[in-house]
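Biologist: Thanks for sitting down with me over this one. Could you walk me through the packing and the charged pairs?

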Amino acid sequence: NARVLWTPMEHLTMWAAVSRAVRTPDRVDEDIRVDLFAIPTPEPVYAQVLGNRALRAERVMTYAGGARFMVGRSVYTDVDVFHNSYGDLIAVGNPTVTPGTPPLPANSLLVSFPYQNGIHGSTDGFEIAPDFRVTRWWQVKAAVSYLRFNLTNKPELKNTQTVTTLHGSSPNNQGSIQSMIDLPKRFEFDQTIRYVSALPAQEVKAYVTGDARLGWTPVEGLEFSVTGQNLFQPQHAEFGIDPAPNVEIRRSVYAKVVWKR
């Protein structure tokens, strides 16, 4: 990777980076075998997903840049943009049909889906994150981000399952706002609201939830706090699992004591 940081003036910092990374196929990619289903009539048809020991490493080139600057006397804003270029992403490949062999029945068919390097393309996005010091005792932070997918199958790959899953497994939009208040008598009160857009491939709906924390530092090095998380609903899903149903994150409240010497 290569990075550069430039501060042309006191309240403006600019940066840029170029990075390259690879992911070597692991033992699951190379040796996995998953039996999927069977169609009993008129002739039994079995299916399986197979690893592939001829897989090449997945690779990505990342180009990113941004700036941090002051707006007015008390607001700092970070603006970041990125472009990722992917090659040889591993996908569930084209099916091949062969006669079943023992222990499968003699008149059966076996449909195999081997892994292959079948997807390329790019992702683009940005994040805007202002930081507002409202008063000496009140600070507000916010963040808004956007992610766009442009991944496609290579011409030789006809199975669209993997690329559809990739497109629908990361949120396109996220946002948050955080308020941090310093109260008298060394108390603190922090609140956060978060929004995450839907994940269609995971059957997860968009959600909005919030956290709150009340802390007290009676003496230096000793802190008591009570925190509530995911307070807006009894529970919500954040990611899908197979087989269903999805595991949902519940509303929770906990207390904590920290002592530093």
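**Cores and salt bridges**

Modeller: Gladly! The largest nonpolar core has 9 residues in all: Val45, Ala47, Val49, Leu55, Ile90, Val92, Val111, Phe113 and Tyr115. Strands E4 (45-50), E6 (75-92) and E8 (109-135) are the elements that give two or more residues to this core. Please keep in mind that this is a predicted model.

Biologist: How many residues does the second, separate core have, and which residues does it include?

Modeller: This core is separate from the one we just discussed. Its members include Phe149, Leu151, Leu157 and Val163, and its full count is 8 residues.

Biologist: Which residues does valine 92 touch, leaving out those up to four places away in sequence?

Modeller: Valine 92 belongs to the largest nonpolar core. Two of its contacts, Phe113 and Tyr115, are members of that core too. Leu157, which is listed in the second core, is also touched by valine 92. With the neighbours up to four places away not counted, the contacts of valine 92 are Phe113, Pro114, Tyr115, Leu157, Asn159, Gln161 and Thr162.

Biologist: On to the charges: how many salt bridges does the structure hold?

Modeller: One of them pairs aspartate 78 with arginine 68, and another pairs arginine 213 with glutamate 188. There is also a network of salt bridges linking Arg23, Asp26, Asp29 and Glu58. The total for the structure is 15.

Biologist: Is aspartate 35, which forms a salt bridge with arginine 33, buried or exposed?

Modeller: The closest N and O atoms of this pair are 3.7 Å apart. Its partner, arginine 33, has 57% relative accessibility and counts as exposed. Aspartate 35 is at 56%, and because the cut-off is over 50%, aspartate 35 counts as exposed.

Biologist: Where in the chain do aspartate 78 and arginine 68 lie?

Modeller: Their side chains meet in a salt bridge, 2.6 Å from N to O. The two are 10 residues apart and link distant parts of the chain. Aspartate 78 is partly exposed at 22% relative accessibility, and arginine 68 is partly exposed at 32%. As for location, aspartate 78 lies in strand E6 and arginine 68 in strand E5 (residues 58-71).

Biologist: Is arginine 213 buried or exposed?

Modeller: Arginine 213 forms a salt bridge with glutamate 188, with the closest N and O atoms 3.1 Å apart. Arginine 213 is in strand E12 (residues 207-219) and glutamate 188 in strand E11 (residues 187-196), so the pair ties together parts 25 residues apart in sequence. Glutamate 188, at 26% relative accessibility, is partly exposed. Arginine 213, at 18%, counts as buried.

Key. Residues numbered from 1 in each chain as written. Predicted model: local features only at pLDDT ≥ 70, side-chain atom pairs only at ≥ 80, totals over all residues. Heavy atoms only, no water. Core = buried A, V, L, I, M, F, W, Y, C linked by side-chain atoms within 4.5 Å. Buried < 20%, exposed > 50% of the residue type's maximum accessible area, 1.4 Å probe, protein only. Helix = DSSP H or I, 4+ residues; strand = E, 2+ residues; numbered from the N terminus. Contact = heavy atoms within 4.5 Å. Salt bridge = Lys/Arg side-chain N within 4 Å of Asp/Glu carboxyl O.
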